[in-house]
Amino acid sequence: MCGIALVVSGVRIDLSSIFVDSTSQLQQPQQQLVFSLDDLKAVLRRRGPDSLGCKKLLLNLNHQEILLSLTEDCVSSSLNNEAQLLFIGATLQLRGLIPVVQPLLDASRNILVYNGEIFGGIHVGSDDNDAEVLMHALAQCCSCNSYRNGIVCRCKANRQTSIVDVLSTVKGPWALIYWQNSSRTLWFGRDAFGRRSLLVHWPTMEDSRLLLSSVSPPSSFEQILGLEAENGNSKVNFWEELPCGIYSLSMDVLDGCFVGEIKKHEWSNAMLKELINWGRILVEPKSEEPLLSHCQPHGGQNNTHSTSSDIMPTESGYIHASVSVSVQNVLTALRKSVMRRTSLHTIFQAVTCDRRQEEHSPVAVLFSGGLDSMILAALLNECLDPSYDIDLLNVSFDGQFAPDRISAKAGVKELRRIAPLRRWKLVEIDADLSNLTSETKHVMSLINPANTYMDLNIGIALWLAAGGDGWLHEGVTYDDEGNQQRVKYVSKSRIILVGSGADEQCAGYGRHRTKYRHGSWLELHEEMKLDMQRIWKRNLGRDDRCCADNGKEARFPFLDEDVIRTLLDIPLWEVANLDQPSGTGDKKILREVARVLGLYEAAVLPKRAIQFGSRIARESNRKNFGSNRAANQASAGTEKIGGAHTCDHNSCLNPVIVNQSSNDESPLLDLQGWRSSSSMEIMEIPDAGMVVELIMTVACEQGMRFAIRE
C-alpha cells in the first residue's frame, strides 16, 4: 500500500472529452482548495510509512519550444510561461528485497508513482519489486501519440506495445500516475474495479489545478465543511472518486500557453471487458432445470462432522469427490487468490528479517466470524506456513455482547477444530464511540468524498479494526475463558484480508432478495451487475483509505479477476437460490465452499454488515439522533453527516414489531444483530419502506406473526 499524489498547475486543461458539458464543470461555484504540501505529505505518509519522496517537473517555454527540468524541490510555485507537475509518493513496501523510494525515475526521465500489486499479467520475480517491474514495462511502450491524431499506431510492427495494453494486462489492484517523457504525456488511472483509492479534483474556474491523491488532506476537508456551512449545507465537491479507467493528459503549446486535453481510454483486454460488463451467460434456468447443483455438497447441517474417503487432488489442493463441479471451481479459484495475496515471496522480506519467525503474523483477517471471513481464514491457514500466527481482527462497540464478537468467538472455536496446530489470535478491539471525538473527525476526512453516517460508521469500524490495537485471551486452554488472562496486543500484520465483493457477486444483500421476489432472475442479475459496477464508488475507495491510514494494505480475494470470472461462469441459480431462507439460499455457492472446508456452523450464518454486527450503528444512532427510532425516521443510512434530522410524518413510517408468536417466551427478532435477542433494534437503512419489507421477510421466514403500526 502506498500513498500517491500529483499537483498540476500552469496548464489550461480541456475536459470536453470526458464531460458532456465541460463548461458547467469549470463553472461550478467553488473557491480554490487551500492546503499545504506538508499536510498532503503527512496524510500520505500514514499510508506509506517506509519512505516518502517528491519530484517536481517544470515545463518552460522558449520560443514555443518546451524545455523540461526536474528537481526534488517540493515547494509549489507558479510563474508565467511555466507549467509544474509535482509528484509525491509514500511507500509501504510489501514486495522485493531492496528498499524502494517513490517517485521512481528512470534513465529516460519517465516518472512513476504507483499504489498497487501485480498478481498476474506481467511477470514479477520472487525477489522483485512490482513497481520497478511495471516501470520497466511502461518504459518499453510506444510514444507515438497516435490516439491524439486518430491514426493507426505502427509501433506494434516494431514489437512495441501501448501503455493502455500494459495496464489492461495487469491483474490485481492498482492506482498510478505516470509521466511519459518522450511524448510529454501524463497518464493516470485505477484498476477496473477500483480496488485502490484515487481521488481527483478536476480544474474549475476558481481552481484551475488538476489534483490527484490517494486521500484528501484534513485541512481541505475542514475547508469543505466550512464552505458547506456557509452555503446552507449544500454539497461542495472539491474531491471525487476517480472513475475506474486509464486517462491521459498530453501537453502542448497554444498562443504562448501550456494546454492539455484529458482523454479516457478503453480497456484493450477482452477478458477484462467481459468482467466489467458482467457477462454471465446462464441467468435464468429453463423450466425443466432443477435449482440444485449437479451434486449435493459434502456434509450438511444434520451431519456436521461427517467425513469421506472420496478425496481427489486438484491443482491447488484436495477436494471431496462428492462436491459439485461449480463448488470445486470456486474453491480452487479462491484458494489460488488467497495464495497469490499471501505468499511470503510477495511480502517485503526485510519486514521479518529482524524478528523471530514464530512471533510474527504477516497476514491478518478482518474477522466477524461470518461466512466470508471464515472462508478467508480457513484458506489463509492452508496457504500460510504453519509456523506463523494468524491475527483475526474483530471490533466491537458493545464489548462481549456485540453480535460480531459472539460469532467471532464461535468462529475461532471452529477454526481451531479444523486447524488445531495453528495459533489463531482473536484480537478483540473494543471501542466506545463517545470517547472517539478526535478519531471520528479524522475518519470523516478519510472517507471524504463519502459523507453519510453509514459511511462514517463503516469507516470508523474499519479504521479501528485495521489498527489492530486490542486484547488477546491467553492461557493454558482456549476452551475456558475463566482460566485465561486478557492481555494487551497490537497486531503488526501489514496485510489484511477483507471479504469485500462476496455479497455483490453471490446475492448476499437484502435488496437482491427483494429484486428477485418482485421481479425475476434477470432483475436479480441486473442488480448484482449494478452492485459490481458501482462498488468502486460506494465501497472500495472508502475502505481502502480507512485501512491504509494505519500503514496496512487491504487485499480482497473475492475480487480477484479469476474469482470473478469463475463465478460468472456458473449458472446464477447455482450461485444463489433466493427461494430459500436467509442463511441458506443467499450466497449458496459460498455456503457449499464453507462446508467443504469443514466450516459447518459458519455455512448457515446469515449476512450481517459490519456497522450492525459491531453495534456502531446503534451507538451512532443514539449519539447523533437520540435513538434508533429517530435515526430510522431521518433515514440515517443516507443522512449526510451534520445534516438536519427531520422527518415528514406522512412519508416516514415508524415500524415496530408489536406481536409475535403465541409463545410469550420467544425472544423478539433483533434486526440490527440478525440474531435472537431480548430487545428489538431497527436497522440503519435508506428508507422506511425497506424496514417494513425487511421485518416481513425475516419474520415470515422464522414463522413469526407480526403487525406494523405507523
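This passage describes the overall make-up, the nonpolar cores and two buried elements of a predicted model.

In the predicted model, the protein chain contains 22 helices and 25 strands, and of its 710 residues 58% are buried. When contacts between residues at least 6 apart in sequence are considered, 73% of them join residues that are at least 24 apart. The surface exposed by the protein chain amounts to about 28600 Å², of which 50% is supplied by carbon and sulfur atoms.

Nonpolar side chains tend to be buried together in soluble globular proteins. In the present model, the largest nonpolar core comprises 154 residues, within which L134, F367, L392 and L590 have the most contacts. Helix α12, spanning residues 453-467, contributes the largest share of this core, namely 10 residues. For L134, once neighbours within four places in sequence are left aside, the residues in contact are Y114, I118, I122, V166, L167, V170 and L176. A second core, separate from the largest one, has 33 residues and includes L15, A83, L210 and M251.

One of the residues with the most contacts inside the largest core, L590, is also among the buried residues of helix α18. This helix, which covers residues 588-596, is mostly covered, nine of its nine residues being buried. The buried set includes the nonpolar residues I589, L590, V593, A594 and V596, but K588, R591, E592 and R595 are likewise buried. After α18 comes G598, which has a positive phi, near 90 degrees.

A83, which was listed in the second core, lies in strand β5, where it is one of the buried residues. Strand β5 (residues 82-91) is largely enclosed by the rest of the structure, because 10 of its 10 residues are buried. The cover extends to both faces of the strand: on one side E82, Q84, L86, I88 and A90 are buried, and on the other A83, L85, F87, G89 and T91 are buried.

Strand β5 is paired with β1 and with β3. Strand β1 (residues 2-9) runs antiparallel to β5 and is joined to it by eight bridges, with G89 of β5 serving as the bridge partner of I4. The pairing between β5 and strand β3 (residues 51-62) is also antiparallel and extends over 10 bridges; here L59 stands opposite A83. A83 thus appears in the description of the second core, of the covered faces of β5 and of the pairing with L59.

Notes
Residues are numbered from 1 along each chain as its sequence is written. This is a predicted model: local features need pLDDT of at least 70, side-chain atom pairs count only at pLDDT 80 or more; totals for chains, interfaces and linings use all residues. Side-chain values use heavy atoms; hydrogens and water are left out. Helices (H or I, at least four residues) and strands (E, at least two) are DSSP runs, numbered from the N terminus. Buried means under 20% relative accessible area, exposed over 50%, partly exposed in between (1.4 Å probe, protein chains only). Contact means heavy atoms within 4.5 Å. Accessible areas come from the Shrake-Rupley method with a 1.4 Å probe; for residues, only the protein chains shown count as cover. A nonpolar core is a set of buried Ala, Val, Leu, Ile, Met, Phe, Trp, Tyr and Cys residues joined through side-chain atoms within 4.5 Å. Two strands pair if DSSP finds at least two bridges between them.
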